[in-house]
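Hi everyone, thanks for coming. I'd like to walk you through a structure that is new to most of us, with charged side chains as the theme.

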Amino acid sequence: MASGTETGAALGYEEARDELIEVVRRLEAGGTTLEESLALWERGEELAKVCRNWLEGARARLDASLAAERGAEEAED
């Protein structure tokens, strides 16, 4: 798992997703102190936000591309 010092802006989607999977695995496995569990939970929330931002950005790009394609088709008609 990454050190947790990287900011969300520095993480790519796949990197954030993989680290989030590891955080969830560790939380589900148990055996951590309350303080460690809270830190993992907080990191997981940060990583989930990074993933959500990447996915929203990708969705916006797809929507823009589809809208441009529709506009080009309508201009041809």
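Let me start with a question: how many residues apart are R43 and E46 in helix α2? They are three residues apart, and that separates them by about one helical turn. Before I go on, please keep in mind that this is a predicted model.

So, let's stay with R43 for a moment. R43 sits in helix α2, and R43 and E46 form a salt bridge whose closest N and O atoms are 3.0 Å apart. Now, is R43 buried or exposed? R43 is buried, because its relative accessible area is 10% and buried means under 20%. Its partner E46 counts as partly exposed, at 44% relative accessibility.

R43 has another partner to show you. The side chains of R43 and E19 are joined by a polar contact of 2.9 Å. Put these residues together and you get a network of salt bridges linking E19, R43 and E46.

How many salt bridges does the structure hold? The answer is five, and I'd like to show you a couple more of them.

Please look over at helix α1, which covers residues 13-29. Here the side chains of E22 and R25 meet in a salt bridge, with an N to O distance of 2.5 Å. E22 and R25 are three residues apart in this helix, so about one helical turn separates them. Both ends of this bridge are partly exposed: E22 has a relative accessible area of 23%, and R25 has one of 45%.

Back in helix α2, we find D63 and R59, four residues apart, about one turn of the helix. These two form a salt bridge as well, and their closest N and O atoms are 3.8 Å apart. D63 is partly exposed, with a relative accessible area of 37%.

Let me finish with some charges of another kind. Which residues form a negative surface patch? They are E69, E73, E74, E76 and D77. Of these, let's pick out D77. D77 is placed in the segment after α2, the helix that spans 34-76. D77 is exposed, because its relative accessible area is 83% and exposed means over 50%.

So, if you turn the model yourselves, try going from buried R43 to exposed D77. Thanks for listening, and I'm happy to take questions!

Key. Residues numbered from 1 in each chain as written. Predicted model: local features only at pLDDT ≥ 70, side-chain atom pairs only at ≥ 80, totals over all residues. Heavy atoms only, no water. Patch = residues over 30% accessible without salt bridge, like charges linked within 9 Å, V, L, I, M, F, W, Y side chains within 5 Å. Areas by Shrake-Rupley, 256 points an atom, 1.4 Å probe, with all protein chains shown as cover. Salt bridge = Lys/Arg side-chain N within 4 Å of Asp/Glu carboxyl O. Lys, Arg positive; Asp, Glu negative; His and termini not counted. Charge placed at Lys NZ, Arg CZ, Asp CG, Glu CD. Helix = DSSP H or I, 4+ residues; strand = E, 2+ residues; numbered from the N terminus. Buried < 20%, exposed > 50% of the residue type's maximum accessible area, 1.4 Å probe, protein only. Polar contact = N/O pair within 3.5 Å; in protein donor to acceptor, adjacent residues only side chain to side chain.
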